[in-house]
Amino acid sequence: MSTRISGFRSSRVSPKSCAGLGLDPLIFVGRNTIESGRLLIAVQDKKLDAEIKKRVAEAILRFESLSEAEVKRRKLAAAPLFLRGKWDSVTAGMIVSYRISLGAPKNVYCAVDCPACKCLVPAALREARVSDERIDKDDIYWEVTYVVEQFVCPVCGLELFSMTEVRCAGLEHQYIDQEYESIQERFLNNYEPDDYGND
Ligand SMILES: [Zn+2]
């Protein structure tokens, strides 16, 4: 290989990509570069960890300054519209989705415990992957993988701007939802018989 791989950035990805090629990454970048890269990543991770801890601590302080009535009001306002009044029956980890109107994009949320104030609040999910479908008896099943790309707590105001920050704050960033539809729903309801009797 004639391309020279060097620098800190490459050491994060090269061991994996080299492994994929069945090669030893040390042949390309050298032990010192790899070690320096790992050290730098560790420093960056530590820095992020400290930053998130600081943000969580600030959010807890903000939360503690709120009155009970204000916390209640914010929690109620945070629930997706169709779940207002029913949010108390939602539990952490529950995935809820809805469309504002037929044909509108689907809004998907997961109920999560905020890492700072511990209130149960909705985190917006983005669809990342859809599995192949499988048929079991009369139903078609598939899995949808969702990710939390960012999170803003509507109660304490904690803000996490990326998946890395979400992970760092100890919030689950990936959720898998199983969806299904009956074969009848999928095919028969769309079947419109020919209009006999025109001739
Ligand atoms: Zn919060």
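Colleague: How many helices and strands are there in the protein?

Modeller: The protein has six helices and nine strands; the model is a predicted one. Of its 199 residues, 19% count as buried.

Colleague: What makes Ala-77 exposed rather than buried?

Modeller: A residue is called exposed if 12 or fewer other C-beta atoms lie within 10 Å of its own. Ala-77 has 10 such atoms within 10 Å, and is therefore exposed. Ala-77 belongs to helix α4, residues 68–78. Its C-alpha atom is separated by 8.2 Å from that of Pro-154, although the two residues are 77 residues apart along the chain.

Colleague: How do you know that the span of α3 agrees with its number of residues?

Modeller: The expected span is 1.5 Å times one less than the number of residues. For the 34 residues of α3 this gives 50 Å, and the end C-alpha atoms are 49 Å apart, so the two values agree. The buried residues of α3 are Gly-37, Ile-52, Arg-55, Val-56, Ala-59 and Phe-63.

Colleague: Which residues of the largest nonpolar core touch the most other members, and why is the core said to lie between domain 1 and domain 2?

Modeller: The core has 28 residues, of which Cys-114, Ala-116, Cys-153 and Cys-156 touch the most other members. At least two residues of the core come from each of α3 (31–64), β2 (107–113), β3 (120–124) and α5 (163–168). Domain 1 (8–60) and domain 2 (68–188) both contribute residues, and the core therefore lies between them.

Colleague: Which residues is Cys-156 in contact with, leaving aside its neighbours within four places in sequence?

Modeller: A contact requires C-beta atoms within 7 Å. On that basis Cys-156 is in contact with Ala-59, Ile-60, Arg-62, Phe-63, Cys-114, Ala-116 and Cys-117. For the protein as a whole, 53% of the contacts with a separation of 6 or more are between residues 24 or more positions apart.

Colleague: What makes β1 and β2 a pair, and in which sense do they run?

Modeller: Pairing requires at least two bridges between the strands. β1 and β2 have four bridges and pair in the antiparallel sense. Within this pairing, Ser-97 stands opposite Val-108 in β2.

Colleague: Which strands of the open sheet are called edge strands?

Modeller: The open sheet has three strands in the order β1-β2-β3, with antiparallel pairing. β1 (95–98) and β3 each pair on one side only, and these are the edge strands. Neighbouring strands of the sheet are turned by 35° against each other on average, direction ignored.

Methods: Residues numbered from 1 in each chain as written. Predicted model: local features only at pLDDT ≥ 70, side-chain atom pairs only at ≥ 80, totals over all residues. Buried ≥ 20, exposed ≤ 12 C-beta atoms within 10 Å, placed from the backbone. Core = buried A, V, L, I, M, F, W, Y, C linked by C-beta atoms within 7 Å. Domains from an automatic or database assignment. Contact = placed C-beta atoms within 7 Å. Axes fitted to C-alpha atoms, helices over the stretch in contact; angles between N-to-C directions.
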